[in-house]
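The report below looks at overall form, surface composition and one nonpolar patch, in that order.

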Amino acid sequence: MKAKAGVAALVLVFPGGLWLVAAPFAVGYQPRGAAYADATVNDMWVGGVLAALSFATLVAYAADALRELARRGRHVAEKR
């Protein structure tokens with residue numbers, strides 16, 4: 001159950017991080033052609049780090065789940 005809750009949290013954090021990267025431009029508080037405001041730089045760094053870490057963790061979790069499935073498949077095949 002803990003793993004499902006953790007994966008669900010990561011699935012929510014990933015698009016949240018992407019939104020932080022896109023928000024300055026989607027909402028319009030970063031004018032076109034102007035130098036990046038401090039808030040824009042902050043949103044892009046925090047959002048990028050959140051998205052990257054959650055994506056990397058999701059990939060690692062998926063790889064571990066696939067490894068476990070392969071291990072179980074080999075174990076079942078050996079019993080036959």
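Accessible areas here come from the Shrake-Rupley method with a 1.4 Å probe, and for residues only the protein chains shown count as cover. On that basis the accessible surface of this protein, which is a predicted model, comes to about 6200 Å², of which 69% belongs to carbon and sulfur atoms.

The protein contains two helices and zero strands. Its C-alpha trace spans about 70 × 25 × 15 Å along the principal axes, and its radius of gyration is 19 Å, where a compact globule of 80 residues would have a value near 12 Å. Among contacts with a separation of 6 or more, 55% join residues that are 24 or more positions apart.

The values for the protein as a whole are collected here.

| Property | Value |
|---|---|
| Radius of gyration of the protein | 19 Å |
| Accessible surface of the protein | about 6200 Å² |
| Share of that surface on carbon and sulfur atoms | 69% |
| Buried share of the 80 residues | 11% |

Turning to the surface itself, Phe25, Tyr36, Val41, Trp45, Val49 and Leu53 make a nonpolar patch of about 640 Å². Helix H2, which covers residues 38–79, gives the most to this patch, with four residues. Val49, one of the residues that make the patch, lies in helix H2. How is Val49 classed by its relative accessibility? Val49 counts as partly exposed because its relative accessibility is 41%, a value that falls between the limits of under 20% for buried and over 50% for exposed.

Conventions:
Residues are numbered from 1 along each chain as its sequence is written. This is a predicted model: local features need pLDDT of at least 70, side-chain atom pairs count only at pLDDT 80 or more; totals for chains, interfaces and linings use all residues. Side-chain values use heavy atoms; hydrogens and water are left out. Patches are made of residues with over 30% relative accessible area and no salt bridge: like charges are joined within 9 Å, nonpolar side chains (Val, Leu, Ile, Met, Phe, Trp, Tyr) within 5 Å. A salt bridge is a side-chain nitrogen of Lys or Arg within 4 Å of a carboxyl oxygen of Asp or Glu. Buried means under 20% relative accessible area, exposed over 50%, partly exposed in between (1.4 Å probe, protein chains only). The radius of gyration is taken over C-alpha atoms; the globule rule is 2.2 Å times the number of residues to the power 0.38. Contact means heavy atoms within 4.5 Å.
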